[in-house]
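Trainee: I should like to learn how charged side-chain pairs, buried positions and surface patches are read from a model. May we take them in turn?

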Amino acid sequence: MAIFPQTQQSPVPLPAAERLPSLRYLGPNWYAAVMGTSIVASAGVALPVHVPGLRMACTVVWVLAVVALVAVLVARTGHWVAHRDQARSHLLDPAVAPFYGCLSMALLAVGGSTMVVGQDVIGHRAALALDVVLYTAGTLIGLAAAVAIPYLMVVRHRIEPGTASPVWLLPLVAPMVSAALGPLLVPELPAGQWREAMLLACYAMFGLSLLATLVMLPLIFARLVHRGPLPLALTPTLFLVLGPLGQSTTAVNQLADVAPGAIGAPYASGLGVFAVVYGVPVMGFALLWLTLAVALVVRAARNGMTFGMTWWGFTFPVGTCVTGAAGLARHTGLTALTWLAVALYVLLVAAWAVAGVRTLRGLFSGALLAAPQAPAPVTARTT
């Protein structure tokens with residue numbers, strides 16, 4: 001009897017669309033859910049009032065933020081491995097590429113909340129170690145995104161005049177988050193050159209982000225004035241403008257707190273004055289923009305705006321205004337700023353609860369993981 005060797009056929013690789021199909025359309029915007037959850041914990045403990053049980057509730061939210069970060073990191077890794085073509089197309093899409101700044105801010109936000117909340121659970125040493133890792137990674141990614149995304153916008157993206165979007169701010173505000181959370185690490189460094197270098201590096205990132213934002217904001221407002229309101233699905237992104245405003249106010253106040261132990265006179269006292277002189281006018285503009293954004297969101301809701309992941313734009317930017325107002329209240333002792341921080345925090349928690357419930361519902365139903373629908377045709381402006 002002849003014996004023929006059996007040959008095994010090499011497995012045919014599955015098409016990209018058939019490998020982990022549920023992850024094909026999971027974009028970098030999902031990191032916004034991590035940011036929005038983490039800021040609820042950080043802003044809660046930053047409030048200049050004592051609310052019984054609030055710190056415990058913030059600790060629970062911090063745990064949720066850590067779980068969400070791990071889950072999204074794993075899912076996004078699976079997306080890059082199984083759907084590299086889609087991942088590349090996201091980088092070349094001017095509507096999606098700016099969301100890569102959210103990766104940096106998600107890492108930074110969870111690291112910062114670990115230092116102010118998570119250490120109650122895991123201890124100071126473990127919290128510090130985790131924050132150092134997340135802060136370093138988040139800062140490097142944020143600085144890279146702040147250069148790479150604008151580079152792609154200039155070289156590869158084809159953007160029509162008058163189509164600026166608040167989403168463009170996302171990679172630019174990431175270094176501002178580093179500037180606001182860096183002060184948590186300044187006291188942990190050796191006194192002298194190390195602390196001063198860290199302090200001034202945070203101010204450098206503050207300036208980098210602030211000046212880039214000042215370049216971008218006129219384009220965004222000009223687009224609203226000349227082209228009318230944003231499409232319904234994108235209307236919540238108007239809240240993203242609050243991010244650099246609230247975060248920069250938070251940054252100057254946090255940096256002023258640690259300046260006396262990091263830099264000599266007269267700079268330390270001068271930075272304390274700068275925190276108030278800068279923060280109060282910027283917070284005033286933030287409230288103006290918040291009012292405008294709320295009015296446009298109400299208009300969009302009346303015209304049929306439905307839930308989307310852009311609703312997470314209602315959370316993190318408002319949270320930065322909470323921490324900014326809390327910092328100003330701490331430095332001025334003004335009761336009105338204390339109650340402003342409390343009112344904004346109530347708004348933040350309400351927005352987070354709604355976005356969280358709707359996200360879980362869309363996740364379990366599969367609606368948020370489905371292929372994106374073609375944009376609706378542009379209609380004439382209505383009042």
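Mentor: Let us begin with a definition: a salt bridge is a side-chain nitrogen of Lys or Arg within 4 Å of a carboxyl oxygen of Asp or Glu. Please keep in mind that this is a predicted model.

Trainee: How many salt bridges does this rule give here?

Mentor: The count comes to 3. In one of them, aspartate 120 pairs with arginine 55, and their closest N and O atoms are 2.6 Å apart. Aspartate 120 belongs to helix H4 and arginine 55 to helix H2, so this pair ties together parts 65 residues apart in sequence.

Trainee: Are aspartate 120 and arginine 55 buried or exposed?

Mentor: The general idea is that buried means under 20% relative accessible area and exposed means over 50%, with partly exposed in between. Aspartate 120 has 45% and is therefore partly exposed; arginine 55, at 39%, also counts as partly exposed.

Trainee: Which side chain meets arginine 330 in a salt bridge?

Mentor: That partner is aspartate 257, with an N to O distance of 2.6 Å. Because aspartate 257 lies in helix H8 (residues 242-258) and arginine 330 in helix H10 (residues 316-332), the pair ties together parts that are 73 residues apart in sequence. Aspartate 257 is partly exposed at 36%, and arginine 330 is partly exposed at 41%.

Trainee: Where do aspartate 85 and arginine 24 lie in the chain?

Mentor: These two side chains form a salt bridge at 2.9 Å, N to O. Aspartate 85 is in helix H3 (residues 84-91), while arginine 24 is in the segment before helix H1 (31-46); the pair links distant parts of the chain, 61 residues apart. Aspartate 85, with 38% relative accessibility, is partly exposed, whereas arginine 24 is buried at 12%.

Trainee: How should I read a buried polar residue, such as serine 104?

Mentor: One examines both its accessibility and its surroundings. Serine 104, in helix H4 (residues 101-122), has a relative accessible area of 0% and is therefore buried. Its side chain reaches the backbone oxygen of glycine 138 at 2.6 Å. Beyond neighbours within four places in sequence, serine 104 contacts Gly138, Ile141, Gly142 and Ala174.

Trainee: Which residues form a nonpolar patch on the surface?

Mentor: Met56, Val60 and Leu64 form such a patch, and together they have about 300 Å² of accessible area. Leucine 64 lies in helix H2 (residues 54-82) and, at 45% relative accessibility, counts as partly exposed.

Terms used
Residues numbered from 1 in each chain as written. Predicted model: local features only at pLDDT ≥ 70, side-chain atom pairs only at ≥ 80, totals over all residues. Heavy atoms only, no water. Patch = residues over 30% accessible without salt bridge, like charges linked within 9 Å, V, L, I, M, F, W, Y side chains within 5 Å. Areas by Shrake-Rupley, 256 points an atom, 1.4 Å probe, with all protein chains shown as cover. Helix = DSSP H or I, 4+ residues; strand = E, 2+ residues; numbered from the N terminus. Buried < 20%, exposed > 50% of the residue type's maximum accessible area, 1.4 Å probe, protein only. Polar contact = N/O pair within 3.5 Å; in protein donor to acceptor, adjacent residues only side chain to side chain. Contact = heavy atoms within 4.5 Å.
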